[in-house]
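User: Could you take a close look at the sheet in chain B for me? A few words on the other chain first would help me get my bearings.

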Amino acid sequence: MVVNDVEREFLLPVKTQEGHMDLSEFYDPSRRQYDGNRLLKEIDFGYSDDTIKTLGIFNVDLFIPILTYIFGQAFLNGRAGIASIYRLRNERYGIKSDEKVFADRIRKEVIHELGHTFGLIHCQNPDCVMRSSTYVEDIDQKSHHLCNHCRLKLI
Amino acid sequence: MAKKISILIVDDEESVRDSLYNWFIEDGYRVECAENAKKALTMLESDIYNIVLADIKMPGMDGLEMLKRIKSLRKESIVIIMTAFATVDTAVQALKDGAFDYVTKPFDPDDLSHLIRNASKQISLLEENEILKEKVVSLENVEDLIGNSEAMQNVLKEIESVAQSNASVIITGESGTGKELVARAIHANSPRKFFPMVSVHCGALSESLLESELFGHEKGAFTGAVYNRKGRFEMADSGTIFLDEIATISPKMQVELLRVLESKSFVRVGGNKEITSDFRVICATNRDLKSMVEKGIFREDLFYRLNVVNINVPPLRERIEDIPLLVDYFIKKYCLSMNRPLITIDSSALKRLEEFPFPGNIRELENMIERAIVVGNGKKITLKDLPLGKTVVNTTFESLDDLEKNHISQILSKYSWNISVSAKALKVDRVTLYNKIKKYDLKPAK
């Protein structure tokens, strides 16, 4: 589902690759989280040779030094981005599991971070997938589509 | 709005700089980084950054010292200090030194967005403040003073130069030239504009009424004085008093007025308590006060007290080029107030208006246009809607020669300086007309 949606938004073919990275060197014991900045660089240098854009999806809690957590981040107009599904599950917030909602949040996060790699900045349109999201509720409120304004910037 | 804001991040840790850079760049801000205070100060000297986000602990010059230097460079800079939990005391010191806010690392993503939003609001307020300050020094509320003519532009310049001062002003000019509008423009552009401008039409009131009107009265001061009443001078406290038709006041009132102008204090009619009021005086007259002084009708000392600045409003016949603008303005004004669609004016009607001497000046023109809109066909003002021919009574011409000169000039203009047709209309032969043109030095309008 995510692959199809990403292809539809960016009109480019998408390929996926499942892997098991050793993340121990990115782990910060003092914060008990994984360093998003270093992971982003790792994806950029190690994995994005044969594609235009590469996005790493992780099942761990990500942080950057200044923020308590992040859902994801990307190099603006760059080749790589990362996203974490760790905080996207309902169970994380004591709510009943919902696989459909979970999948919806993943596709929005993936399209959002890839949007940054295509040079899109945060959008004020409440329905646009490029709207900034601090909490999962924010992710739920927006759609998984780019608004016309952002779509025009892509062309 | 976000795109206009520029942020400078100052932190010795590369990971912090990168994180903040990525975070803000995704929000559309212009972001640059410096790894120490020295480099940041150099960047701040050559470029303007709206927000500086600086770590408090840095090798070399620390954030606090840098904050002081930034504030001395550009007082309105918004500096946000980043600190760890252990240094909250220092952050408080930073606030005392002029920091906009401080954040403790790591921040909640929402906190950071809120902080920048607040800082952005502050920046907009500062910019708005600057714009408003500029607006204050340029002329405002002069929309009713219509005219591109040199004479009118000179009046506007005089208004601008006199408005900021506290000097008394006498506005002279024929009846209907807009003297009160000039007074209002002076008041509206003066530091007193937030206080009232009180108008008194001196010519319309008898001496005793004028006295009570200007100074107020106590209950029982005279028959009918059933309440205490504030006078106009009292009402104009901190504002402006406009005395229209000042030349008509009696010698007794002239003495009283002089005393009030000198002491800025007075006593209500029938009262004994001295009241002080801080007002600015603007007077208007259509008469020649100086000649009245020479004739002994107007007090010389009062004249000089009032006549600190004199603004002469030109009659309409001296600024014919403003007539089309004025006509357009009055058409819009009255069509709107009568709830009618906007109409135009026939070119021949406009031409006739430009030739008309307008002894009643702009007031006469305004009334003419209002009447034409009422009686007209609702599409175009034509010659027949304008009462030009019937009511031409030019009171400004005293001699027969002046009258003759003006009449010949009008007829010549009417027939586009066709001498034969004009002579026929005037019922004189062509030679006589040529002689009159020579005598009065008449020339076709350019």
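Analyst: Chain A has five helices and seven strands, and this is a predicted model. Along its sequence, the elements of chain A come in the pattern α-β-β-α-β-β-β-β-β-α-α-α. Of the 155 residues in chain A, 38% are buried. Among the contacts in chain A with a separation of 6 or more, 56% are between residues 24 or more positions apart.

Now to the part you asked about. In chain B, five strands make up an open sheet, with parallel pairing and the order E2-E1-E3-E4-E5. The edges are taken by strand E2 (30-34) and strand E5 (101-104) of chain B; each has a single partner strand, so one side of each is left without a neighbour in the sheet. On average, neighbouring strands of this sheet are turned by 20 degrees against each other, direction ignored.

Let's follow the sheet to the edge formed by E5(B). There, strand E4 of chain B, residues 78-83, pairs with E5(B) in the parallel sense, and four bridges join the two. If you would like a residue pair to find in the viewer, try B:Ile81, which stands opposite B:Tyr102 in E5(B).

Toward the other edge, where E2(B) sits, a helix comes into the picture. Helix H1 of chain B, residues 14-26, lies across three strands of chain B: E1 (6-10), E2 and E3 (51-55). Relative to E2(B), helix H1 of chain B runs at about 170 degrees.

Notes
Residues numbered from 1 in each chain as written. Chains lettered and ligands numbered in written order. Predicted model: local features only at pLDDT ≥ 70, side-chain atom pairs only at ≥ 80, totals over all residues. Pairing = 2+ DSSP bridges. Axes fitted to C-alpha atoms, helices over the stretch in contact; angles between N-to-C directions. Contact = placed C-beta atoms within 7 Å. Buried ≥ 20, exposed ≤ 12 C-beta atoms within 10 Å, placed from the backbone.
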